[in-house]
Amino acid sequence: CVPGVTPMKSLGRDAKVSGSRISYKVNQIIGGTDQVLIAELDVPAALANDQRQLAEVKVAYRATNGEPGASIAQSVQGRFSQSDSEIKAGIDADVMRDVTVLLVREKKDEAIRLRDAGRLDESQKKFKDNADYVRAQQQRYGFGGNTSIEQEIKANDAAAAPKAASPEEWSKVRKTLREGDTNQAGSSRKF
């Protein structure tokens with residue numbers, strides 16, 4: 001990050017934050033897939049004016065077939081405004097879709113821990129809240145019909161349903177919840 005901007009955390013991936021740097025390690029990149037890496041940055045108010053560079057992203061890889069690897073660097077820009085209409089117009093729905101999926105997966109993991117600890121009512125409420133949150137984000141940013149969004153709604157609804165209270169049904173639902181979080185082979189988007 002540029003001086004004054006601090007990386008806070010990563011969404012959906014383990015990342016190493018050290019000073020003004022955040023590092024990710026991706027084991028494999030398969031042709032035809034996107035690797036989604038999202039970081040939360042702290043930008044002091046004094047720097048939050050107009051448009052400015054916030055960070056530089058550097059990506060390097062080694063080829064496994066004997067060919068040389070490659071690297072690329074790209075500037076990350078942020079635009080700041082006090083105008084609600086400018087802010088709304090500047091929102092990237094694709095980014096917000098990915099942020100929504102990653103945030104709800106974190107909340108879903110917490111709900112699973114609650115359910116596994118026998119706190120059924122709390123977990124069902126959290127699953128319901130998750131599904132409602134995804135629906136609200138879907139409506140707000142217009143990313144309807146997206147498979148990952150639809151899967152999150154369906155999985156959280158199933159876990160919040162009264163029939164998921166039985167141990168047998170919970171076992172099935174839990175397996176479905178976990179499968180939805182994997183970056184399955186053939187998926188065009190990896191988190």
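**A walk around helix α3 and two nonpolar cores**

Hi everyone, let's start inside the protein. The largest nonpolar core has 10 residues in all: A111, I112, F127, A155, A159, A160, A164, W170, V173 and L177. Helices α2 (93-116), α4 (147-160) and α5 each give two or more residues to this core. There is also a second, separate core of seven residues, and among them are V101, V134, F143 and I153. If you wonder about the background, nonpolar side chains in soluble globular proteins tend to be buried together.

Please keep in mind that what we have on screen is a predicted model.

Let me zoom out for a moment. The protein chain has five helices and eight strands. Following the sequence, you meet them in the pattern β-β-β-β-β-β-β-α-α-α-α-α-β. The C-alpha trace spans about 50 × 50 × 30 Å along its principal axes. Of the 191 residues in the chain, 28% are buried. Now take the contacts between residues at least 6 apart in sequence: 58% of these join residues at least 24 apart.

Next, my favourite part, helix α3. This helix covers residues 120-141, which is 22 residues, and it reaches 32 Å from its first C-alpha to its last, close to the 32 Å expected at 1.5 Å a residue. Which residues of α3 are buried? They are S123, Q124, F127, N130, A131, V134, Q137, Q138 and Y141. These buried residues cover an arc of only 155° around the axis, so they sit on the same side of α3. The face turned away from that buried side carries the exposed residues D121, K125, Q139 and R140. Right after α3 comes G142, with a positive phi near 70°.

Now for the aromatic rings. How many aromatic pairs does the count come to? It comes to two. In one of them, the rings of F127 and W170 have their centres 6.0 Å apart and their planes at 50°, so this pair is tilted. F127 sits in helix α3 and W170 in helix α5 (residues 167-181), so to speak 43 residues away, and the pair links distant parts of the chain. Are these two residues buried or exposed? F127 has a relative accessible area of 0%, so F127 is buried. W170 has 7%, and since buried means under 20%, W170 is buried too.

The other pair is Y141 with F143, and it is stacked, at 6.1 Å centre to centre with 20° between the planes. Both Y141 and F143 are buried.

Y141 brings us to another residue, K88. K88 and Y141 are 53 residues apart in sequence, yet their C-alpha atoms are 9.7 Å apart in space. K88 lies in helix α1 (residues 84-89). Why does K88 count as exposed? Because its relative accessibility is 66%, and the cut-off for exposed is over 50%.

One more lysine while we are here: K107 lies over the face of Y133, 4.2 Å from the ring centre.

Finally, back to the core where we began, and to A164, one of its residues. Leaving aside neighbours within four places in sequence, A164 is in contact with R115, A158, A159, E169, W170 and V173. In that list, A159, W170 and V173 are also residues of the largest nonpolar core. Thanks for listening, everyone!

Key:
Residues are numbered from 1 along each chain as its sequence is written. This is a predicted model: local features need pLDDT of at least 70, side-chain atom pairs count only at pLDDT 80 or more; totals for chains, interfaces and linings use all residues. Side-chain values use heavy atoms; hydrogens and water are left out. Helices (H or I, at least four residues) and strands (E, at least two) are DSSP runs, numbered from the N terminus. The expected span of a helix is 1.5 Å times one less than its number of residues. Buried means under 20% relative accessible area, exposed over 50%, partly exposed in between (1.4 Å probe, protein chains only). The arc is that of the directions from the helix axis to the C-beta atoms. Rings of Phe, Tyr and Trp (its six-membered ring) pair if their centres lie within 6.5 Å; planes under 30 degrees apart count as stacked, over 60 as edge-to-face and the rest as tilted. A charge sits over a ring if NZ of Lys or CZ of Arg is within 6 Å of the ring centre and within 35 degrees of the ring normal. A nonpolar core is a set of buried Ala, Val, Leu, Ile, Met, Phe, Trp, Tyr and Cys residues joined through side-chain atoms within 4.5 Å. Contact means heavy atoms within 4.5 Å.
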